[in-house]
Amino acid sequence: MPRLAATRRFVSSTGVRIYRIACDVLPGISGRVYLLLGAGPPTLVDAGSGEGPSTDQILAGLESIGGEFGEDFRPTQIERILVTHAH
């Protein structure tokens, strides 16, 4: 399980909401993906590795944003994915 809080919210000085979602990228390696809301189309920065529980953890984090933070958001609204590196 990731050592970070599952999902954390940050707000930029321009009002962009940034959600950090922790996941186990690879066995024994914790990582993060980010959801950006309010900076153009809903954008996911990185997408995990697809290994082990990574995808399920990311989806659970995305699903929690509506209930935990009151956002009118569903994962199906993501229009853009930025991949910053490969695993």
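**Exercise 1. Determine whether threonine 7 is buried or exposed, and describe its surroundings.**

Solution. Begin with the relative accessible area of threonine 7, which is 9%. Compare this value with the cut-offs, by which buried means under 20% relative accessible area, exposed means over 50%, and partly exposed lies in between, using a 1.4 Å probe and protein chains only. Threonine 7 is therefore buried. Next, place the residue in the chain: threonine 7 belongs to strand β1, where strands are DSSP runs of E with at least two residues, helices are runs of H or I with at least four, and both are numbered from the N terminus. Finally, list its contacts, a contact being heavy atoms within 4.5 Å. When neighbours within four places in sequence are set aside, threonine 7 touches Tyr19, Arg20, Ile21, Gly61, Ser64, Ile65, Glu68 and Phe69.

Before going further, keep in mind that this is a predicted model, in which local features need pLDDT of at least 70 and side-chain atom pairs count only at pLDDT 80 or more, while totals for chains, interfaces and linings use all residues. Residues are numbered from 1 along each chain as its sequence is written, and side-chain values use heavy atoms, with hydrogens and water left out.

**Exercise 2. State how confident the predictor is in the protein chain, and which elements have the lowest and the highest mean pLDDT.**

Solution. The quantity to use is pLDDT, the predictor's confidence in each residue on a scale from 0 to 100. For the protein chain the mean pLDDT is 91, and 94% of the residues reach 70 or more. Among the elements, the lowest mean belongs to α1 with 93, and the highest to β4 with 97. As a rule for reading any such model, predicted coordinates should not be read in detail where pLDDT is low.

**Exercise 3. Work out the order of the strands in the sheet and how they pair.**

Solution. Two strands count as paired if DSSP finds at least two bridges between them. On this basis 5 strands form an open sheet with mixed pairing, in the order β1-β2-β3-β4-β5. The edges are β1 (7-11) and β5 (80-82), each of which pairs on one side only.

Now take the pairs in turn. Strands β1 and β2 run antiparallel and are joined by 5 bridges; here arginine 9 stands opposite tyrosine 19 of β2, and phenylalanine 10 has isoleucine 18 of β2 as its bridge partner. The hairpin of these two strands has 5 residues between them, and its glycine 15 takes a positive phi near 90°.

Strands β2 and β3 are also antiparallel, with 9 bridges, and tyrosine 19 finds its bridge partner in β3 in leucine 35. Their hairpin has 2 residues between the strands, with glycine 28 at a positive phi near 80°.

The strands β4 (residues 43-45) and β5, by contrast, pair in the parallel sense over 3 bridges, and valine 45 is partnered by leucine 82 in β5.

**Exercise 4. Find which strands helix α1 lies across, and which residues make up the largest nonpolar core.**

Solution. Helix α1 (residues 54-69) lies across β1, β2 (17-26), β3 (29-37) and β4, and runs at about 155° to β2; axes are lines fitted to C-alpha atoms, for helices over the stretch in contact, and angles run from 0 to 180 degrees between N-to-C directions.

A nonpolar core is a set of buried Ala, Val, Leu, Ile, Met, Phe, Trp, Tyr and Cys residues joined through side-chain atoms within 4.5 Å. The largest one has 12 residues: Tyr19, Ile21, Cys23, Val25, Val33, Leu35, Leu37, Leu44, Ile58, Leu62, Ile65 and Phe73. The elements β2, β3 and α1 each give two or more residues to this core, and β2 gives the most, with 4. In addition, 7 of the 10 residues of β2 are buried, so this strand is largely enclosed by the rest of the structure.

**Exercise 5. Identify the salt bridges and the exposure of their residues.**

Solution. A salt bridge requires a side-chain nitrogen of Lys or Arg within 4 Å of a carboxyl oxygen of Asp or Glu, and the structure holds 2 of them. In one, arginine 17 joins glutamate 71, with the closest N and O atoms 2.7 Å apart. This pair links distant parts of the chain, since arginine 17 lies in β2 and glutamate 71 in the loop between α1 and β5, 54 residues apart. Arginine 17 is partly exposed at 22%, whereas glutamate 71 is buried at 14%. Aspartate 72 and arginine 74 also form a salt bridge, at 3.9 Å from N to O; aspartate 72 is exposed at 65%, and arginine 74 is partly exposed at 46%.
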